[in-house]
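Visitor: I am new to this structure and would like a close look at one part of it. Please start where a ligand meets the protein, and then lead me on from there.

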Amino acid sequence: MSTTILLTGGAGYIGSHTLIALHEAGYQPVILDNFSNSHPAVLERLERITGQPVRVERGDVLETPWVEAVLRRHQPVGVVHFAGDKAVGESVANPLKYFHNNIGGAVSLLRAMAAVHADGTAPAAPTLVFSSSATVYGDPASVPITEDFPRSHTNPYGHSKLVIEDMLTALRTASPVWRVGVLRYFNPVGAHPSGLIGEDPADIPNNLMPYVTQVAVGQRPYLNVYGNDYPTPDGTGVRDYIHVQDLAAGHVAALQALLGGSESFTVNLGTGHGHSVLEVVKAFEAASGRPVPYAFAPRRAGDVAQCYADAALAKRLLGWEARHTLHEMCADAWRWQSGNPNGYRG
Ligand code: NAD
Ligand code: UFG
């Protein structure tokens with residue numbers, strides 16, 4: 001039986017960490033990526049960590065016949081679909097880019113998977129793990145958030161995740177042979193403990209942790225804390241930060257469950273604990289030994305006060321739970337940033 005797993009978007013932040021976790025669990029990962037938001041230098045780093053050549057298919061998930069050829073060539077028993085665009089602000093400015101690449105990319109991949117299943121060349125039932133997001137909960141009525149909370153969207157990025165989730169439901173209804181694990185990530189941060197791979201935003205970071213690390217390394221003068229008048233203990237926004245290593249382990253658990261014959265599922269991948277922006281700043285200062293100057297700024301449009309998971313379902317269904325502390329998330333993010341101030345661009 002093949003142990004190959006195809007990772008679309010596998011050269012990106014979460015995909016690269018998941019590749020290592022899959023390798024360590026005995027799977028043979030193959031990356032499919034067009035490097036639109038990643039750097040080929042990650043491949044050499046992955047080879048150093050795993051001690052193995054990394055198998056890569058360079059191309060676009062939108063190219064259905066090529067994706068089909070990749071599936072026939074590698075015969076994966078499962079696919080993890082990370083590929084897509086993820087910048088909320090850009091999605092508001094350029095919605096068609098998000099509907100095209102995210103929804104179009106998912107349709108293309110699913111059609112290619114269906115084709116190789118239909119003609120009997122696939123080694124197993126079509127098995128997919130999909131990168132969804134806590135963004136599908138919109139502005140939650142309460143916290144912690146369970147998977148049965150109502151879904152909504154506040155921007156085209158979130159809308160694209162919601163549509164893909166619905167597409168996967170329709171596909172399973174039409175064709176119950178599909179095995180699908182939808183993983184709703186909360187706020188992935190941190191880096192591999194080697195310090196060799198990590199998050200490498202191409203532009204000014206939108207997200208808190210990469211911005212904090214760039215302030216600490218001296219690339220930016222201070223952090224803007226967006227809002228200090230939220231109904232939270234210190235007035236700043238509260239999120240469920242999860243170490244990317246825990247997230248990577250969640251993908252291994254999801255694939256093991258699906259390949260072991262489990263029913264399809266949708267689960268939150270979070271720690272179940274919320275931390276405020278100021279708590280993250282303090283934890284980062286403690287882990288790095290560097291000051292992180294900040295100034296309060298107005299609330300950022302579209303932000304919610306609090307967002308954290310109820311993580312019980314993932315534990316019950318997958319036997320998975322997050323293990324790393326906020327201190328470890330900060331220490332590992334700092335090791336990556338301080339060792340690679342310009343990311344993969346060296
Ligand atoms: P990333 O941008 O680092 O990785 C995505 C990868 O997909 C990149 O390597 C990019 O080059 C590739 N890609 C994009 N479009 C492609 C296409 N058409 N064909 C082939 N490759 C393509 O992002 P990430 O943080 O690793 O996120 C991975 C997935 O997880 C995304 O779907 C994202 O929406 C989702 N997600 C991320 C977060 C987060 O905060 N990082 C939170 C929730 C969900
Ligand atoms: N924040 C700041 N200053 C910054 C950046 C962020 O104060 O420079 C604050 C935000 O206001 C928020 C918190 O830090 O309170 C976290 O913000 P992020 O941008 O890091 O993360 P979000 O929770 O806004 O969004 C992230 C991903 C989305 C995903 C969502 C799921 O960026 O793609 O988590 O919960 F949908």
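Guide: Let us begin at serine 36, where a polar backbone atom is 3.0 Å from an oxygen atom of ligand 1. That is a polar contact, meaning a pair of N or O atoms within 3.5 Å; within protein, one must be able to donate a hydrogen and the other to accept it, and residues adjacent in sequence count only if both atoms are side-chain atoms. Before going on, note that this is a predicted model, in which local features need pLDDT of at least 70 and side-chain atom pairs count only at pLDDT 80 or more, while totals for chains, interfaces and linings use all residues. Residues are numbered from 1 along each chain as its sequence is written, chains are lettered from A and ligands numbered from 1 in the order in which they are written, and side-chain values use heavy atoms, with hydrogens and water left out.

Side chains reach ligand 1 as well. Aspartate 33 has a side-chain N or O atom 2.7 Å from an oxygen atom of the ligand, and a polar side-chain atom of serine 38 is 2.7 Å from an oxygen atom of ligand 1. On its own, ligand 1 exposes 830 Å², and the protein buries 95% of that (areas come from the Shrake-Rupley method with a 1.4 Å probe; for residues, only the protein chains shown count as cover). Helix 1 (13–24), strand 5 and helix 6 each give two or more residues to the shell around the ligand, and strand 5 gives the most, with 3. Here helices (H or I, at least four residues) and strands (E, at least two) are DSSP runs, numbered from the N terminus.

In total, 26 residues surround ligand 1, and among the closest are Asn101 and Tyr157; a residue counts as near if one of its heavy atoms lies within 4 Å. By class, this shell holds 10 nonpolar, 12 polar and 4 charged residues. Ala, Val, Leu, Ile, Met, Phe, Trp, Tyr, Cys and Pro count as nonpolar, Asp, Glu, Lys and Arg as charged, and the others, Gly among them, as polar.

Strand 5 (127–133) and helix 6 (156–174) also lead us to an enclosed space, as each supplies at least two residues of the lining of the second largest cavity. A cavity is a set of points, on a 1 Å grid over the protein atoms alone, where a 1.4 Å probe fits but cannot get out, and lining residues have an atom within 4 Å of a point. Phe130, Ser131, Lys161 and Ile164 are among the residues that line this one, and about 40 Å³ of space lies inside. Such a volume is the space filled by probe spheres set on the points, which are joined across faces, edges and corners.

The largest cavity has a volume of about 130 Å³. Its lining has 16 residues, and Leu71, Pro76, Val116, Ala122 and Pro123 are the closest to its centre. Helix 3 (64–74), strand 4 (78–81) and helix 5 (95–118) each give two or more residues to that lining, which divides into 11 nonpolar, 4 polar and 1 charged.

Now to ligand 2, which has 18 residues around it, with Asn207, Asn224, Arg239, Arg300 and Asp303 coming nearest. Strand 8 (residues 223–226) gives the most to this shell, with 4 residues. A backbone N or O atom of asparagine 224 is 2.7 Å from a nitrogen atom of ligand 2, while one of tyrosine 226 is 2.9 Å from an oxygen atom of the ligand. Arginine 300 brings a polar side-chain atom to 2.8 Å from an oxygen atom of ligand 2. Of the 690 Å² of accessible area that ligand 2 has on its own, the protein covers 89%. The shell around ligand 2 has 8 nonpolar, 7 polar and 3 charged residues.

Arg239 brings us to a last stop, since strand 9 (residues 238–239) runs parallel to strand 14 and is joined to it by 2 bridges. Two strands pair if DSSP finds at least two bridges between them. Within this pair, valine 238 stands opposite glutamine 306. The open sheet has 3 strands in the order 12-9-14, with mixed pairing. Strand 12 (275–276) and strand 14 (306–307) are at the edges with a single partner strand each, so one side of each has no neighbour in the sheet.

Technical notes:
On a 1 Å grid over the protein atoms alone, a cavity is a set of points where a 1.4 Å probe fits but cannot get out, and a pocket is an open set with protein on both sides within 12 Å along at least five of seven lines; lining residues have an atom within 4 Å of a point.
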